[in-house]
Amino acid sequence: MTGKVYLVGAGPGDYKLLTLKGLECIKKADVIVYDRLANINYLKEAKPNCEFIYVGKASSNHALPQDEINKVIADKAKEGKIVTRLKGGDPYVFGRGGEEGEVLVSEGVDFEVVPGITSAIGGLCYAGIPITHRDHASSFHVITGHLRDDEKENEELNWNALANNRGTLVFLMGVSNLKKISENLIREGKSKDTPVALISWATRPNQSVITSTLENVYEIALKENVKPPTLIAIGSVVELREKLNFFEKKPLFGKNILVTRSRTQSSSLVEKIMDLGGNPIEIPTIKIEKIENNIELEDQIKNIKEYTYLVLTSKNGVDIFFDKLNEIGLDSRSLANIKVCAVGSQTVKSIEERGIKADIVPNIFVSEHLYEELKPILNSNDKILMPRAKNARDYLTKNLSTICTVKEVHTYETVIDSSKKEAIIELLNEGNVDYITFASSSTVTNFIEIVGKENIDKLQGIKMISIGAITSKTAKELGLNIYKEADEATIDGIIKSIQEDK
Ligand code: SAH
């Protein structure tokens, strides 16, 4: 068994700015060694037993010295493991990737490098600054701002050449030397009016950009308390930011939105928030536990011909039902003579994915409306199958069984996931959350149970968005103030409520 090391560029921070190859390396890793600039959400893509080693670096104080990082990587690979070394941006742009590679070669460890989008290019791009432009800059220069602090300082960089070429200059790791950088460039002849942008946490939801001139940038950086990680972009391309700043103009840019749903269900909301430039913070409040060895479900599916209606009320319900159907060797054709009813657009979509168009979908996505639609068309000979959650509301079963036979089969259970309590409290204490979304009554109940009634006051000032009336009611009963209720009880409805809030 031989191990291998992948030096992977994790890109500048935006979750989706990672290569397919990089993602593949994360998925197959036994060990992931990562630092501060790699987006930690990538770790969610790792295998269940993957080991994570943080070797965070803040520009001058190294959490783990480079020698030790090299040693950890090589040793783990020698144990026969696949090691993915995740580095912010591109591994070979000031990431000391070259040194890590050299050590691996000398230790006889197999390795490969996966390039990434360097912050020098991707970061400028997200700040609305094209690094080259026919009318502005025909070259660019990426320079370390981490300068030597001795008499050799001025030999390290050729300031005269940097000051007198017309390309865009991008300094990395330069915030603490901003004064020296601007002074050296001006001294060697660069115009003091040259536009400069300081781009912090580029491509992230907390990206912030300050523009100035070479002459004033140091003062402004002091005043605004600019901290690493920051890119210093120098050149007239900075002026294009006015026009080309697409990222910060996204409708949810800068909004931190806590999404309370079970992990399996929240992805579409999270995805949409990300697309609109917001920062989704996913808090799992419930987890779905499928009821295993479900003989009852199996028996009812085998008897499916006896039923006239199949009612599905959640994506999980749909998935478990159809998986079972397939598992016992049947497919959607066995539902040919049965009317399929669905509550919720996600449910409808999941049913469609199984090749079936739902026959009855209430316009308003709640059980009460399904009942109203079914009431006039059902008669006492009908038989309804309802595979659903053990702890689902009993409204439908209770009312429908006054008309005909209803068979409810429990297929899964939602249980509270308290594993993130401390992380949630910490987040609330930091005070950076703008919105909390509740997409069902149970997420409200569970969220409050996890956070604890004693911490409810920490939610003050956060705008709470509810998917619909029932969820709002539950929230109010628990002492929460719902800020807005979605017009349409869907994920898009929630998004719309946030987008419309100015
Ligand atoms: N290999 C990395 C650079 C590592 S050096 C790359 O290719 O991007 C670390 C420096 O990169 C930081 O001090 C900062 O100047 C810059 N940097 C990296 N990511 C950044 C980001 N998201 N926003 C601003 N600067 C960033």
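# A guided tour from Trp201 to the ligand shell and the strands

Begin by selecting Trp201, which is partly exposed with a relative accessible area of 25%. This is a predicted model. Trp201 sits in the loop between strand E10 (195-200) and strand E11 (208-213). Its backbone merits inspection: phi is positive, at about 45°, although Trp201 is not a glycine.

Next, select Arg96 for a second case of this kind. Arg96 has a phi near 60°, a positive value in a residue other than glycine. The residue belongs to the loop between E6 and H3. With 33% relative accessibility, Arg96 counts as partly exposed.

Now display the ligand and its surroundings. The ligand is surrounded by 17 residues, and the closest are Val93, Thr118, Ser119, Ala202 and Thr230. Coloured by class, this shell shows 11 nonpolar, 5 polar and 1 charged residues. Colouring by domain is also informative, since domain 1 (4-116) and domain 2 (121-249) each supply at least three residues of the shell.

Three polar backbone atoms can then be picked out with a distance tool. For Gly88, a backbone N or O atom lies 2.9 Å from a nitrogen atom of the ligand. For Val93, a polar backbone atom is 2.7 Å from a nitrogen atom of the ligand. For Thr230, a polar backbone atom is 2.7 Å from an oxygen atom of the ligand. On its own the ligand has 540 Å² of accessible area, of which the protein covers 94%.

From Thr230, step back along the chain to Pro229. Pro229 lies in the loop between helix H8 (217-223) and strand E12 (230-234). Select Pro228 together with Pro229: the peptide bond from Pro228 to Pro229 is cis, with omega near 0°.

Turn next to Thr84, in strand E6 (residues 82-87). Is Thr84 buried or exposed? The relative accessibility of Thr84 is 0%, so the residue counts as buried. A polar atom of the Thr84 side chain lies 2.8 Å from the backbone oxygen of Cys25. Beyond its neighbours within four places in sequence, Thr84 is in contact with Tyr6, Val8, Cys25, Ile26, Ala29, Val31, Ile32 and Val33.

Then move to helix H3 (residues 97-106), where Glu100 is found. Glu100 has 1% relative accessibility and therefore counts as buried. To see what encloses the residue, select its contacts outside the range of four places in sequence: Leu7, Gln66, Ile69, Asn70, Ile73, Arg85, Lys87 and Gly95.

Zoom out to view the whole chain. The domain assignment gives domain 1 (4-116), domain 2 (121-249), domain 3 (289-416) and domain 4 (463-502). The centres of domain 2 and domain 3, taken over C-alpha atoms, are separated by 60 Å.

The last stop is Pro387, in strand E18 (residues 383-389). Pro387 has a relative accessible area of 1% and is therefore buried. Which residues is Pro387 in contact with, leaving aside its neighbours within four places in sequence? They are Leu297, Leu310, Val311, Leu312, Phe321, Val409 and Thr411. Finally, select Phe321 with Pro387: the two are 66 residues apart in sequence, and their C-alpha atoms are 7.0 Å apart in space.

Technical notes:
Residues are numbered from 1 along each chain as its sequence is written. This is a predicted model: local features need pLDDT of at least 70, side-chain atom pairs count only at pLDDT 80 or more; totals for chains, interfaces and linings use all residues. Side-chain values use heavy atoms; hydrogens and water are left out. A residue is near a molecule or strand if one of its heavy atoms lies within 4 Å of it. A polar contact is a pair of N or O atoms within 3.5 Å; within protein, one must be able to donate a hydrogen and the other to accept it, and residues adjacent in sequence count only if both atoms are side-chain atoms. Accessible areas come from the Shrake-Rupley method with a 1.4 Å probe; for residues, only the protein chains shown count as cover. Ala, Val, Leu, Ile, Met, Phe, Trp, Tyr, Cys and Pro count as nonpolar, Asp, Glu, Lys and Arg as charged, and the others, Gly among them, as polar. Domain bounds come from an automatic or database domain assignment. Helices (H or I, at least four residues) and strands (E, at least two) are DSSP runs, numbered from the N terminus. Buried means under 20% relative accessible area, exposed over 50%, partly exposed in between (1.4 Å probe, protein chains only). Contact means heavy atoms within 4.5 Å.
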